Amino acid sequence: MEEEKKEEKVKKEWGKEVFDLLSWYQTDVVKKAKVMVVGAGALGNEVLKNLALFGVGNIVIVDFDTIEYSNLTRSVLFREADADKGLYKSEVAARKVKEINPNINVQYVCGRLDADVGLGVYRKMDVVIGCLDSRLARMQLNRLCMRANVPWVEGGIENLTGSVRVYRQGENCYECGLTENAKMNIFMQLSCAGIAHRNEDLGRTPTTPVIASIIGAVQVQEAMKLIHKEEVREGVFSTLTGKWFHYEGMHNKVSVYDSAAFDDDCPSHECWDEVLRIPKLGADTRISDAFLMLKEALTVKDVEINLRNDKFVDIIVSRHNNQRFTPMLPESKIPDYVDSNYDLYTSSRSELNQNAYENIDENFPYKRLTLREIGIPHYDVIEVSTEKGIYHVELAADENRFPFNLNE
Ligand SMILES: [Zn+2]
């Protein structure tokens, strides 16, 4: 009887008598930790598997893509049946992570890291892990993590080569470290993001299951250190913040370079540290009601909501034949809209003009729409310009949409 009881206890306490042997591992800290993994491809799979094995208590998975057969060679969490059904990567990954470790909370978003994940969620995280394959996505994630003041661990893989870097407000910024040429390329991609193809395949990067394992493992090792904030402060271990970890597998070269970059004049790493909460304001609030709530809470007369991540597109006109289309969508969803509309898809992209709103004020003609309908995600932090200055306001009514308590 006693034996049985004991056995049951061992089963319930993940990592007991295993991780306890590690001098630095704090069970409570790891259990309470909140980690977001952005991208559930080859790297994301490895990262998630490792986080689950370590028993990281709260995991959020973000990915907008579905599983394809080509993913199976590098994705430990996906099966052929998932590709047959074209299931979402984030959803399947969440289920498999729970299978590995049923003691942890896992949440997933089938969506984009900026348009579908509110800054409030980023603000609650201890660490964000970027498992992305484009510079544009990395830049967007960097801006959000800088605003939210949360460190993020970047991983990149190609063939048998990979790298890991850690970015952190005040110390190291992804965008500050980019060359002028790389920045130009990203901005070109961004400026024609609306009507042109933001999702365009820029050529596939050849990757291998082994490099994903190696780099995903280093990323999680860094995340585990960053979760142990006290140990970092006390110098129990040092992190890769401001460093560049580079692994070259063809000839087995491992290098760590200094690569901290944090320029004073970079507009992209602003920190939104003063955030006001309006308990009744959420993404499902109509714009007209949001204006009333903001005016009352901020005691101001004029409010303007600045769309910092996404514009709102109401009209697209073809210059070729003056045909009008009314997408009424955030700009990030326009490429899909164009793809699904035959007349638009077949017109030359250079003949299309769009009308987009970047700032929403009293003159905005669609005030009956909700904040979500113009592209603001749930639990976001919105930027509001007023006659008294700029405020950052959390959509606090959305906080309870999360099954695990993000305040703990
Ligand atoms: Zn910067």
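A residue counts as partly exposed here if its C-beta atom has a number of neighbours within 10 Å that falls between the exposed limit of 12 or fewer and the buried limit of 20 or more. Met-328, with 15 C-beta neighbours inside 10 Å, therefore lands in that middle class. Keep that scale in mind, as burial comes up again below. One caveat before the tour: this is a predicted model.

Let's stay with Met-328 for a moment. Its phi is positive, about 50 degrees, even though the residue is not a glycine. You'll find Met-328 in the loop that runs between strand E12 (324-325) and strand E13 (329-330). Asn-159 is another non-glycine residue with a positive phi, in this case about 55 degrees. Look for Asn-159 in the loop between E5 and strand E6 (161-167). Asn-159 has 13 other C-beta atoms within 10 Å, so it is partly exposed.

Now zoom out to the whole chain. The protein has 13 helices and 17 strands. Its radius of gyration is 23 Å, and the globule rule gives 22 Å for 408 residues; the two are close, so the protein is as compact as a globular protein of that length. Taken along the principal axes, the C-alpha atoms fill a box of roughly 75 × 50 × 45 Å. Of the 408 residues, 40% are buried. As for the contacts with a separation of 6 or more, 72% of them join residues that sit 24 or more positions apart.

How is the chain divided up? The domain assignment gives domain 1 (11-269) and domain 2 (276-401). Between the C-alpha centres of domain 1 and domain 2 there are 28 Å. Where the two touch, domain 1 puts in 16 residues and domain 2 puts in 24 residues.

Next, the sheet. Eight strands line up in an open sheet, in the order E3-E2-E1-E4-E5-E6-E7-E8, and the pairing is mixed. At the edges you have strand E3 (105-110) and strand E8 (253-258), each of which pairs on one side only. Ignoring direction, neighbouring strands of this sheet are turned against each other by 15 degrees on average. For a look at one pair, take strand E2 (residues 58-63) and E3: they run in the parallel sense and share 6 bridges. To find your way into this pair, start from Ile-59, whose bridge partner in E3 is Val-106.

Helix H3 (residues 42-54) packs on this sheet, where it touches strand E1 (34-38), E2, strand E4 (127-130) and strand E5 (152-158). The direction of H3 makes about 160 degrees with that of E1. How enclosed is H3 by the rest of the structure? Largely, because 12 of its 13 residues are buried. The buried residues of H3 include Leu-43, Val-47, Leu-48, Leu-51 and Phe-54, and also Asn-45, Glu-46, Lys-49 and Asn-50.

The length of H3 checks out too. At 1.5 Å a residue, its 13 residues should span 18 Å, and the end C-alpha atoms are 19 Å apart, so expectation and model agree. Just after H3 comes Gly-55, which has a positive phi of about 80 degrees.

Note on methods: Residues are numbered from 1 along each chain as its sequence is written. This is a predicted model: local features need pLDDT of at least 70, side-chain atom pairs count only at pLDDT 80 or more; totals for chains, interfaces and linings use all residues. Two strands pair if DSSP finds at least two bridges between them. Helices (H or I, at least four residues) and strands (E, at least two) are DSSP runs, numbered from the N terminus. Axes are lines fitted to C-alpha atoms, for helices over the stretch in contact, and angles run from 0 to 180 degrees between N-to-C directions. Two residues are in contact if their C-beta atoms, placed from the backbone, lie within 7 Å. The radius of gyration is taken over C-alpha atoms; the globule rule is 2.2 Å times the number of residues to the power 0.38. The expected span of a helix is 1.5 Å times one less than its number of residues. Domain bounds come from an automatic or database domain assignment.
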